[in-house]
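Please open the model in your viewer and keep the sequence panel beside it. The tour below proceeds from the whole chain to single elements.

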Amino acid sequence: SSGINAEWPLRPGDFEVKKYAPNNTRGVFMPERIVDESAVKRAIEEKVDAINRVGPRGVSAAGRELFKVINKTYTNLEWRGDVIRGLDGDFVVHPPYKADNVNGSTENAVLRIKKVVEKFHIDFKKQGAASPPSS
């Protein structure tokens, strides 16, 4: 068990402390510091946001990269399982993350995202052909 018991997207409350670090034994070299709880919460939220941008296990490299590309122009984005979803509810992109897999309630958003997806796949293929095979 990894200590994470959650569905995507992750939330700060999905984590639990398994074990606290032992009291500091280094004395004067590392004086005890007062912990700013709000800073800790903020750091956890930032980490959770970063994890959520990476995507859940099992998502293809193309899916993860596409999320990053869409996220550059459309920041209100999340993973719902293996589906990329606009938080305003105006579009979703299902695997295998092609233009035909873009659906939604807002025609303009769907058309815009379809164009981004099409361009992404053209660029992604060029990148794959240009890079040496990995072993």
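**The chain as a whole**

Of the 135 residues in the protein chain, 25% are buried. This is a predicted model, and its numbering starts from 1 along the chain. Display the molecular surface next: the protein chain exposes about 10200 Å², and carbon and sulfur atoms supply 53% of that area.

Now switch to a cartoon view. The protein chain holds 3 helices and 4 strands, and along the sequence they follow the pattern α-α-β-β-β-β-α. Among contacts between residues at least 6 apart in sequence, 32% join residues at least 24 apart.

**The sheet**

Select the 4 strands together. They form an open sheet in the order 1-2-3-4, with antiparallel pairing. Strand 1 (77-80) and strand 4 (102-103) stand at the edges; each has a single partner strand, so one side of each is left without a neighbour in the sheet. As a general point, strands of a sheet pair through backbone hydrogen bonds, either parallel or antiparallel.

Next, select residues 83-86 and residues 92-93, which are strand 2 and strand 3. These two strands pair in the antiparallel sense over 2 bridges. Which residue of strand 3 stands opposite I84? Show the side chains here: the residue opposite I84 is V93.

**The helix across the sheet**

Finally, add residues 61-73, which form helix 2. This helix lies across strand 1, strand 2 and strand 3. Orient the view along strand 1 to compare directions: helix 2 runs at about 155 degrees to strand 1.

Terms used: Predicted model: local features only at pLDDT ≥ 70, side-chain atom pairs only at ≥ 80, totals over all residues. Heavy atoms only, no water. Buried < 20%, exposed > 50% of the residue type's maximum accessible area, 1.4 Å probe, protein only. Contact = heavy atoms within 4.5 Å. Areas by Shrake-Rupley, 256 points an atom, 1.4 Å probe, with all protein chains shown as cover. Pairing = 2+ DSSP bridges. Axes fitted to C-alpha atoms, helices over the stretch in contact; angles between N-to-C directions.
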